[in-house]
Amino acid sequence: MLRSLLSMYTSEDPHLTDFIQYLKLEKRFTGHTVRAYFDDISQFAGYLKLEYDTGSLVLASTVMVRSWLSSLKEGKQPLSARSIGRKLSSLRSLYKYLLKKSVIPASPVASLSAPKSGKKLPVYVEEKQAERLFAGNSYGDGWKGLTTELILNLFYQTGMRLSELVNLKQEQVNFYSRTIKVLGKGNKERLIPVGQDLLEMIRHYESLKCGQWEQFDTVHLLLTDKGRALYPQYVYRIVNHYLKDFTTLKKRSPHILRHSFATHLLNNGADLNAVKELLGHSSLAATQVYTHTTIGKLKEVHRKAHPKG
């Protein structure tokens, strides 16, 4: 994937090529993340060429960047503040890299700030709906059924991300300590404690692999019915299919189960800092968004228990 990314832009600007290599090889970002950076910066380079007759990222000024951001906000298909902020973040990373390499004397985005946007509250499955999802549910026959059951339980019982789940390896499960080692964003490792029921489910799943295929992926924990490592779209389809029968939520992505994991922990008295560590958040601010979803529960308790409620 990296080679295809580089071939698309190498002849235009070597600094972008170097930056992409840095993200992939030194920062070890995923292919999806590298693609997002590449697309954002390439879009800005295209704007420079169209509006200022220069495709050089090094020659960009603060005025040029501000003009581009304004065009994204006020164009025929205006972007949300969040999307614009992400594109600015991509440029900020690029120019920080170029500044560090002494390619530019100053960053053209240093004085710019991202547009403010209201934070969206996480969407999650109610606890009663989650109970129905895992209470004697039929996940289908054969290997796909076993994989489906384990996917749903891993998401809900560990709160791991989609990328973390598809890359999960057998060696990351420790049956003795009852933990799963997860490799998160920025290659940061974290240990997630898991219950005995989930461990037994994993042990049973692993024991059936040898009799399923003559040759199969022996590294990854979760495999498709062809014995290969899972891929994101495969997992997304499974979660979407099963959530639609247990919830009226319009959004039914794997991340919904991660949100549910965090929200249900906090609703039942878990410490915010502990939930932060379990989710692999780099800052407490990212975890605090879940406290807003529990306000409804607090209001309900107040209304039922307080004399003036």
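D53 sits in the loop between α3 and α4, and that makes a pleasant place to start a walk through this predicted model. The backbone there deserves a glance: phi of D53 is near 60 degrees, a positive value in a residue other than glycine. Is D53 buried or exposed? Its relative accessibility is 71%, and because anything over 50% qualifies, D53 counts as exposed.

A little earlier in the chain you can find a residue to set beside D53. R28 belongs to the loop between α2 (14–26) and α3 (31–52). Phi of R28 is near 60 degrees, again a positive value in a residue other than glycine. With a relative accessibility of 54%, R28 counts as exposed.

Now let us step back and take in the whole protein. It contains 14 helices and three strands. Of its 309 residues, 41% count as buried. The accessible surface of the protein comes to about 17900 Å², and carbon and sulfur atoms account for 51% of that area. As for how the chain meets itself, take the contacts between residues at least 6 apart in sequence: 54% of them join residues at least 24 apart.

One residue pair gives a concrete case of sequence separation and distance in space. S71 and Y47 are 24 residues apart in sequence, while their C-alpha atoms are 9.5 Å apart. S71 lies in helix α4, which covers residues 62–74. How does S71 count in terms of exposure? At 29% relative accessibility it falls between the limits of 20% and 50%, so S71 counts as partly exposed.

Next, please turn to a pair of helices. Helix α7 (residues 142–158) and helix α11 (residues 254–267) have axes that come within 7 Å and cross at roughly 40 degrees. Angles under 35 degrees would count as roughly parallel, and perpendicular begins at 65, so this crossing makes α7 and α11 oblique to each other. On the α7 side, the contact is made by L152, F155, Y156, Q157 and T158, and on the α11 side by P254, L257, S260, F261 and H264. Which kinds of residue make up this contact of α7 with α11? Six are nonpolar and four are polar, with no charged residue among them.

That leaves the strands. They form an open sheet of three, in the order β1-β2-β3, with antiparallel pairing. Why is one side of β1 and of β3 left without a neighbour in the sheet? β1 (173–174) and β3 (189–193) stand at the edges and each has a single partner strand, so one side of each has no neighbour there.

The pairings can be followed residue by residue. Two bridges join β1 to the antiparallel strand β2 (residues 179–183). V173 stands opposite I180 in β2, and N174 has T179 of β2 as its bridge partner. These two strands form a hairpin with four residues between them, and in the turn R178 has a positive phi of about 55 degrees.

On to the other pairing of β2. Five bridges join β2 to β3, and these strands run antiparallel. I180 appears here too, with I192 in β3 as its bridge partner. β2 and β3 form a hairpin with five residues between them, where G186 in the turn has a positive phi of about 65 degrees. As you look along the strands, keep in mind that side chains in a regular strand alternate between the two faces of the sheet.

Key. Residues numbered from 1 in each chain as written. Predicted model: local features only at pLDDT ≥ 70, side-chain atom pairs only at ≥ 80, totals over all residues. Heavy atoms only, no water. Buried < 20%, exposed > 50% of the residue type's maximum accessible area, 1.4 Å probe, protein only. Axes fitted to C-alpha atoms, helices over the stretch in contact; angles between N-to-C directions. Parallel < 35°, antiparallel > 145°, perpendicular 65-115°, else oblique. Contact = heavy atoms within 4.5 Å. Nonpolar A, V, L, I, M, F, W, Y, C, P; charged D, E, K, R; others polar. Pairing = 2+ DSSP bridges. Areas by Shrake-Rupley, 256 points an atom, 1.4 Å probe, with all protein chains shown as cover.
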